[in-house]
Every structure is written in structure tokens, then in C-alpha cells.
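Here are my notes on the model you sent round. Please read them with the structure open.

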Amino acid sequence: MMGVAVLSGYYGWTVGRHKPLLQEAWLQPPPDMASPEAKEDSRVYFETRGMADSVRWKRAAYEAGMNDDQTVQNFIDLSQIRLTPEDEKELTRRIGKAQKLARNAMEREKNIWQRRRPFIDRGGKTCVFDYKNFVTSWSYPSGHTVRAYIIALILGDMYPSHKQQLLNQAREFGESRIICGMHWASDVRAGKQFAYMLASRLR
């Protein structure tokens, strides 16, 4: 297993921390609860509850349990990328740079919007059994989705012939968060947008 410290997405919320100012946000606000987009979020959430215990559900649960190194390695393995020692060093450097920027940016963004997770608002089964920490953390944007797209964008820049496959993997990884019931569909879209904004600041 490659020992790469990778961006993981910040889930905790620091008790007593002053809420960041709205003008510090990178993203537009999440959908208003009465909006058509929010209604679509709810429709997708309830529809995906019907996937419980399916093969796709089990895959989503497996991905939810991956640690940082396992997530990076999964992207490498599925794309059949062969890392040279020099490339491994470069990947470690780039991921470390992304992680440093993302840690504060994700904490700030989640604390600005403070959106609750769908299973809290709507009930229903999730594919994460130990979700106590998720009850006291925010949903918007999806940190797992940010992580997936950052990995895909960095590896895709290093291996352009694999870029589309890597981006497809990131999309499916984000969909797993919806299937798991950990995120609204709009959280995942925002996670993708946030990852691209983050990547543009790494160049």
C-alpha cells in the first residue's frame, strides 16, 4: 500500500468556533428548503433508500470505510496506473499541498453553511453503521467528493491518458455518498465544484 497522506475532507465542527463570514465562502449557498432543487434532493434521497443491501449499496459502504491511503490506492488500481518511484514522490507532494489548503477551506465552508445531513432531516437507512460523528458535522459540500475529485484531477494531470477514467471514478465515488444517505445530491455537486476551485489554486 502506497504511503500517501491524502486529502480526506473535514467533517468535524469545532465547538465554540466563531462562524466564518458569508463573504469568505467559495460556494453559493445550498438549496433553500422550499426550492425545487431541495425537493429533488429529497426525491433522490428517498429513491436511493430503496437500494439498501444491493450490490451498489455494498460498494458504497465499502468506499465509505476506506481510509486515505486506501482511497488513493483504489483510484490507482482501478485505472491500472503504474507509479514510478519518482511519480510516487510527486504524487505525495501534490496531495500534501492539496491537503494543506483543503483542511482549512473545507472547515470554513462547512461552518458557513451548516447544512444538516439527509438522514437527520428525513430519517431512513444509511450504509454507515457508526455514524455518531456525522450527527455533529455538516453536509455541504461533500468532503468525500472533494477528496475523490482532487485525487482524480492530480492523477489525471500526471497521467492524461487516464484522466477521463479517473473523473468517472470520482463521479461514482460521489454518487456513493448519496446512496449511503450521508449527503444530498446537491452536496455532491458542490463537492465537485469545490474540488475544481481548489485544484485551480494549486497551480
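The points below go from the overall fold to the disulfide, the rings and the cores.

1. Status and fold. This is a predicted model. The chain has 9 helices and 0 strands. Read from the N terminus, the order of elements is α-α-α-α-α-α-α-α-α.

2. Burial and surface. The chain has 203 residues, and buried residues make up 51% of them. About 10,400 Å² is exposed by the chain. Carbon and sulfur atoms supply 52% of that area.

3. Contact range. Take the contacts between residues at least 6 apart in sequence. Of these, 86% join residues at least 24 apart.

4. The disulfide. The count comes to 1 disulfide. Cys-127 and Cys-180 form it, with their sulfur atoms 1.8 Å apart. The pair links distant parts of the chain, 53 residues apart. Cys-127 lies in the loop between helix 5 (118-122) and helix 6 (132-135). Cys-180 lies in helix 8 (residues 163-180). Both Cys-127 and Cys-180 are buried.

5. Handedness. Why is the disulfide of Cys-127 and Cys-180 right-handed? The torsion about its S-S bond is about 45 degrees, so the disulfide is given that hand.

6. Aromatic pairs, an edge-to-face case. The count comes to 6 aromatic pairs. One of them joins Tyr-45 and Phe-46, and this pair is edge-to-face. The ring centres are 5.5 Å apart, with 65 degrees between the planes. Tyr-45 has 2% relative accessibility and counts as buried. Phe-46 has a relative accessible area of 45%, so Phe-46 is partly exposed. Ring pairs also link Tyr-45 and Phe-46 with Trp-184 into a cluster.

7. Aromatic pairs, a tilted case. Phe-75 and Phe-173 have ring centres 6.1 Å apart and planes at 50 degrees, so this pair is tilted. The pair links distant parts of the chain: Phe-75 is in helix 3 (residues 68-78) and Phe-173 in helix 8, 98 residues apart. Are these two rings buried or exposed? Phe-75 has a relative accessible area of 1% and is buried. Phe-173 has 2% relative accessibility and also counts as buried. The cut-off that settles both is 20%: buried means under that value.

8. A charge over a ring. Which ring does the charged end of Arg-201 sit over? The ring is that of Trp-26, and the charged end lies 4.0 Å from its centre.

9. The largest nonpolar core. This core has 37 residues. Phe-75, Leu-91, Val-146, Ile-150, Ile-154, Leu-155 and Phe-194 touch the most other members. The elements that give two or more residues are helix 3, helix 4 (85-113), helix 7 (143-158), helix 8 and helix 9 (185-200). Which helix gives the most to this core? Helix 7 does, with 10 residues.

10. Around Phe-194. Leave out residues up to four places away in sequence. Phe-194 then touches Trp-26, Leu-27, Ala-105, Met-106, Glu-109, Pro-141 and Val-146. Trp-26 is also the residue whose ring lies under the charged end of Arg-201.

11. Another core. Apart from the largest core lies another, of 10 residues. Among them are Phe-119, Val-128, Cys-180 and Trp-184. Cys-180 thus appears here as well as in the disulfide with Cys-127. Trp-184 appears here as well as in the ring cluster with Tyr-45 and Phe-46.

How values were computed: Residues numbered from 1 in each chain as written. Predicted model: local features only at pLDDT ≥ 70, side-chain atom pairs only at ≥ 80, totals over all residues. Heavy atoms only, no water. Disulfide = S-S within 2.5 Å. Helix = DSSP H or I, 4+ residues; strand = E, 2+ residues; numbered from the N terminus. Buried < 20%, exposed > 50% of the residue type's maximum accessible area, 1.4 Å probe, protein only. Contact = heavy atoms within 4.5 Å. Areas by Shrake-Rupley, 256 points an atom, 1.4 Å probe, with all protein chains shown as cover. Phe/Tyr/Trp six-rings, centres within 6.5 Å; stacked < 30°, edge-to-face > 60°. Lys NZ or Arg CZ within 6 Å of the ring centre and 35° of its normal. Core = buried A, V, L, I, M, F, W, Y, C linked by side-chain atoms within 4.5 Å.
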